[in-house]
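The following exercises concern a predicted model. Each task is followed by a solution that proceeds step by step.

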Amino acid sequence: METKLQSKQQYPRFIQNKPCGIDKFDGGSQERLAKTIARHFCQNDSLDEECTLPRIIGIEGIWGSGKSNVVKMLERELSDDYYFFEYDAWGHQEDLQRRSILELLTSKLIDDGILSGNATIKVKGGGTKTVSWSEKLKYLLARKTETVTEKYPLISNGMVAAFLVAVLTPIFTFIAYAVKPTPTTWWFSLLSIIIAALPVLIALCVWKWAYSKDHKYGWSYMLAIYQDKVEKDVCYETLSEDEPTVYEFKTWMQDISDFIKEKGQRKLVLVFDNMDRLPAEKVKELWSSIHTFFADSGFENVWAVIPFDETHLACAFGDETDEQTKQLTKYFINKTFPIVYRVAPPVITDYRSIFNKLFVEAFGETENEAKETINRIFRLVNPNANVREIISYINEMVALKQEWCNEILMINIALFCLKKTDILANPVEQILSGDYLNGIQTIINNDLQTQREIAALVYGVDVEDARQIPLKKYIEGCINGEEDHDINQYAETNKQFDTVLEEVIQCMDNALIDKIIHCLHKLTRKSDVILRVWQRIAQLKLKESIEKQVFPVEYQELLLHLDTESQNHVIAQLYKKIVRFNDFNGGDYFKTLDAIDRFIAQNKLACDFTSLIEAKTVKPNTFIDYIQAANATDAAYRDNATTKAYKYYQVATNSEALDNYLANLLPDNFDHADIVKR
């Protein structure tokens, strides 16, 4: 039943992940278990002390099976006669365990009024003392300090001077008496007095000089026997910090048990939670303490409850898959616990019901349409999930729903949360292919809306902006030659392919034009949009200058994908670049034009290349290179194979200049007899 506060809250809302003490299983298995344990507590405590079992029980179950929830229900069942204290061993793993347990337990008992009034403590060195429980706790946790102080007083300068005057004055008085003649005159008497007073006079002069430098040297300083009494003391300290020993711990717990009995307070139940999450050494250490304090004699008014997962607990003793480790773990469990209760995992009917209850708790009736589908796909992907994992999954959906509101369908939010790991490993490939739907593809279709909304969740952009991101990135990967990228993979199956391709080409750097041509040359799909893409590529390519007199492979691939008009335009522009090449070479010129001619013929392009040829007059040496290349060419592919090859492309030279050039080669360097003959 919802509280008034809950009913006023808006959906979606987060679910508490803490144990609530309510059995949400339809079969009521946890409620039944809690009542059974409660009966054992009451029956065992009703027996004579010599007949009772040790007051310690284990509650075994896998992580997330509801052990902590059972403890909460047990606390509710026994709340009138038992006081529960939960110690999170995992949360205090960095602390000294015995000290931490006593500190937290005693403080809580004092705060809740279980421990009140006076208690007795033993004072170091012997004897006892009556103090409050708060003072007793302070004494337990206090730093015991032993201090040895040695003081070395510092005598003041004034006292040193006074001592010297007192010693020297009689000496000088004797000297004055010794030098005084008999009979004497008045000036000898005055001299004797001055000699006798000389130490005092010198001391007064020194003091006067010191006082003029620093006024602290007044009469009070002169009359002080000691100075800086505290500041100049030298102290040596020896510190020792006591930790509760096994004996002290046991004594303390016994004092609590006796106090509870004496005052008629509720009996104490210590719950050691999350012990199986501790590192191996910590588990052994805490287990040893629990066994020592509770498994043997124990305490009349103190119970210990230890929830644990046997599989994870086995990690403390070695490889949990090893049979010997399993046997060793069972031995320790049986040695420690007289009784172990098991929390059963939910069955399928419970599983479905629990999920729906939690889903409604988070979303109310606002997402009923998607609830059953989400429940179904979650159970298919996570057949062994526990309640904690269900709550975590639903809370993750709540967070995304609060962020995206109604921009994204609930089913796609659920799908992303469920398959997030697979999707984020390779977003582009997963979104486009839908491979992440493995196992639930018969329930969820990888349609365009699903792709757009999953992409929006992955990239954090609006759904409209996200619709093209995966395909766009994939096409960019194809152009850049990334491994396992095939431009044809989504060309036919993705309805957005043509549009996205055109957008990618428009945004690509012109420096990548050759990569684009090579990539799209492999594309088998044909459409008006793709033709338009090729026409744009042709325009960009023609803006580039050529580096050599050749027929580049990029132009060859380009021509194969253009319409007739565009083909003729590209060939005409390429011809102009070749014929007007700055570093013109006759041989390369013939070879390039011949290659274009052959390409047109072999691919049956509707292009009249001959009509584009313009007459060109060149230097004699260039002309000779042209003739040599022509003579080496097989003209059999042409319809009129009887025509001399060199005449195809209308290259000529001045005959007189040619004669002079050839004459200059005579007799040693002339090797063009075949040209003259032809």
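**Exercise 1.** Determine whether I194 is buried, partly exposed or exposed.

*Solution.* Step 1: the relative accessibility of I194 is 42%. Step 2: buried requires under 20% and exposed requires over 50%, with partly exposed in between. Step 3: I194 therefore counts as partly exposed. Step 4: as to its location, I194 belongs to helix 7, which spans residues 186–213. Step 5: together with V200, L201 and L204, I194 makes a nonpolar surface patch of about 310 Å².

**Exercise 2.** Establish how many disulfides the model contains, and examine C478 as a case.

*Solution.* Step 1: a disulfide calls for two cysteine sulfur atoms within 2.5 Å. Step 2: for the sulfur of C478, the closest cysteine sulfur is that of C519, at 5.2 Å. Step 3: this separation is too far, so no bond is assigned between C478 and C519. Step 4: the count of disulfides by this rule is zero. Step 5: regarding accessibility, C478 has a relative value of 9% and is therefore classed as buried, whereas C42, at 38%, is classed as partly exposed.

**Exercise 3.** Describe the setting of D594: in which helix does D594 lie, is D594 buried or exposed, and with which side chain does the D594 side chain make a polar contact?

*Solution.* Step 1: D594 lies in helix 26, residues 586–602. Step 2: its relative accessibility is 7%, so D594 counts as buried. Step 3: the side chain of D594 forms a polar contact of 2.7 Å with the side chain of R598.

Methods. Residues numbered from 1 in each chain as written. Predicted model: local features only at pLDDT ≥ 70, side-chain atom pairs only at ≥ 80, totals over all residues. Heavy atoms only, no water. Patch = residues over 30% accessible without salt bridge, like charges linked within 9 Å, V, L, I, M, F, W, Y side chains within 5 Å. Areas by Shrake-Rupley, 256 points an atom, 1.4 Å probe, with all protein chains shown as cover. Salt bridge = Lys/Arg side-chain N within 4 Å of Asp/Glu carboxyl O. Helix = DSSP H or I, 4+ residues; strand = E, 2+ residues; numbered from the N terminus. Buried < 20%, exposed > 50% of the residue type's maximum accessible area, 1.4 Å probe, protein only. Polar contact = N/O pair within 3.5 Å; in protein donor to acceptor, adjacent residues only side chain to side chain.
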